[in-house]
Amino acid sequence: MKYALIGKKGLLASAFAEALAQKKASFQTFSQEEIDITNPDSLKRLAPFAIWINCAAYTNVSLAEKEKTQAWSLNVEGPKNLAKAARQYQAKLIHFSTDYVFDGKKRAPYEEHDLASPLNVYGLTKYEGEKAALLLHEKTLVIRTSWLFSLEKPCFLTKIFAAADKKKPLFVVDDQKGRPTYVHDLVEATFLLEQDEGMIHFANRGACSWYAFAKEALLMKQNGNPTKGCAEIHPISSENQEVMRPAYSVLSTKAFETKYAHILDWKDVLRRARAKQPRADQ
């Protein structure tokens with residue numbers, strides 16, 4: 001089985017490359033310069049590969065409001081082109097979407113069949129992109145996920161750690177709730193799902209706010225090295241944010257857990273990941 005990994009430098013693509021190498025799988029990674037998903041002609045290079053994993057996306061939620069054309073091109077036209085090409089070359093397409101396709105008005109975990117109603121440009125483009133991919137190629141799997149984190153690559157968590165090291169007060173939103181997802185767990189879940197088609201949700205167990213996520217992470221960081229102090233962290237409201245985000249975007253993972261396996265809580269995963277880090281990082 002030959003894998004094409006589209007997107008080379010991001011958080012998710014890096015985790016996939018690491019996992020595929022460990023599995024000694026046959027794969028090739030493609031940077032944006034090597035494969036431009038907004039250009040159909042560029043996708044001819046993917047013809048020899050049986051499974052296409054698309055990690056290329058426009059993910060800057062705030063900037064998407066100003067760069068609507070760029071966001072639409074990467075998040076909608078890109079998946080559309082990939083689905084058409086995958087159908088032509090009889091390949092499997094795996095594409096990732098987001099909890100931000102929902103408006104947050106529900107107060108129970110969102111299931112795959114729940115109505116999407118994005119609040120911002122990023123969410124809208126991701127929703128249109130997932131719809132296009134599923135419509136245009138029956139051998140498409142869309143995995144919705146949320147709040148991706150890692151300890152190796154830039155993300156919300158590493159930014160919190162970096163800011164805390166400066167020992168300046170941190171102010172983090174406390175009225176938006178979701179499920180953090182460890183990027184390596186998402187990768188392993190994808191391998192379990194790779195023969196599936198359609199839509200499915202995956203996120204680590206344990207819903208929380210961004211503030212609770214950051215606070216727990218900082219407590220773990222401090223306990224890892226008690227001699228190293230951390231900055232104070234304070235909860236704030238999201239009412240003054242420039243871009244609307246769902247207040248509640250907790251994904252239901254019942255479908256995944258029923259068919260495959262129990263998912264670990266994000267706190268347990270974070271403790272495990274911290275414990276594996278070199279002492280110098282703590």
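Biologist: Which side chain does the side chain of S249 make a polar contact with?

Modeller: With the side chain of D99, at 2.6 Å. A polar contact here is a pair of N or O atoms within 3.5 Å; within protein, one must be able to donate a hydrogen and the other to accept it, and residues adjacent in sequence count only if both atoms are side-chain atoms. Keep in mind that this is a predicted model, where local features need pLDDT of at least 70 and side-chain atom pairs count only at pLDDT 80 or more, while totals for chains, interfaces and linings use all residues. Residues are numbered from 1 along each chain as its sequence is written, and side-chain values use heavy atoms, with hydrogens and water left out.

Biologist: Thanks! Where does S249 lie?

Modeller: In the loop between β12 (233–236) and α8 (254–259). Helices (H or I, at least four residues) and strands (E, at least two) are DSSP runs, numbered from the N terminus.

Biologist: Is S249 buried or exposed?

Modeller: S249 counts as buried because its relative accessibility is 1%. The cut-offs are under 20% relative accessible area for buried, over 50% for exposed and partly exposed in between, using a 1.4 Å probe and protein chains only.

Biologist: And what does S249 touch, not counting residues up to four places away in sequence?

Modeller: D99, Y110, W147, K177 and G178. Contact means heavy atoms within 4.5 Å. D99 turns up again with S146, which touches D99, R179, P180, T181, F202, A203 and L251 under the rule that skips residues up to four places away in sequence. S146 is in the loop between β5 (140–145) and β6 (148–149), and at 2% relative accessibility S146 is buried too.

Biologist: Switching to rings: how many aromatic pairs does a search of the whole structure find?

Modeller: 16. Rings of Phe, Tyr and Trp (its six-membered ring) pair if their centres lie within 6.5 Å; planes under 30 degrees apart count as stacked, over 60 as edge-to-face and the rest as tilted. One of the pairs is Y3 with F191, edge-to-face at 6.3 Å centre to centre and 80° between the planes.

Biologist: Why does that pair tie together parts far along the chain, 188 residues apart in sequence?

Modeller: Because Y3 lies in strand β1 (residues 2–6) and F191 in helix α6 (residues 183–193). Both residues, Y3 and F191, are buried.

Biologist: What about F213 and W266?

Modeller: They form an edge-to-face pair as well, with 5.0 Å between centres and 80° between planes. F213 is in helix α7 (residues 210–224) and W266 in helix α9 (residues 266–276), so this pair links parts 53 residues apart in sequence. F213 is buried at 0% relative accessibility, and W266 is buried at 2%. The two belong to one aromatic cluster with W147, F149, F156, Y182 and W210.

Biologist: Back to α6 for a second: how many of its residues are buried?

Modeller: 9 of 11, so α6 is largely enclosed by the rest of the structure. Among them are V183, H184, D185, V187 and F191.

Biologist: Nice. Which residues touch the most other members in the largest nonpolar core?

Modeller: F16, L46, W52, I53, I143, F149 and L157, out of 78 residues in that core. A nonpolar core is a set of buried Ala, Val, Leu, Ile, Met, Phe, Trp, Tyr and Cys residues joined through side-chain atoms within 4.5 Å. Leaving aside neighbours within four places in sequence, F16 is in contact with L5, I53, C55, F96, V187, T190 and F191.

Biologist: And where is L157 found?

Modeller: In helix α5 (residues 156–165). L157 is buried, with a relative accessible area of 0%. Outside its neighbours within four places in sequence, L157 is in contact with F149, S150, L151, F213, A217 and L270.

Biologist: Last topic: how many disulfides does the count come to?

Modeller: 0 disulfides, taking one as a pair of cysteine sulfur atoms within 2.5 Å. For C155, the nearest cysteine sulfur is that of C208, 13 Å away. C155 is buried at 8% relative accessibility, and C208 is buried with a relative accessible area of 7%.
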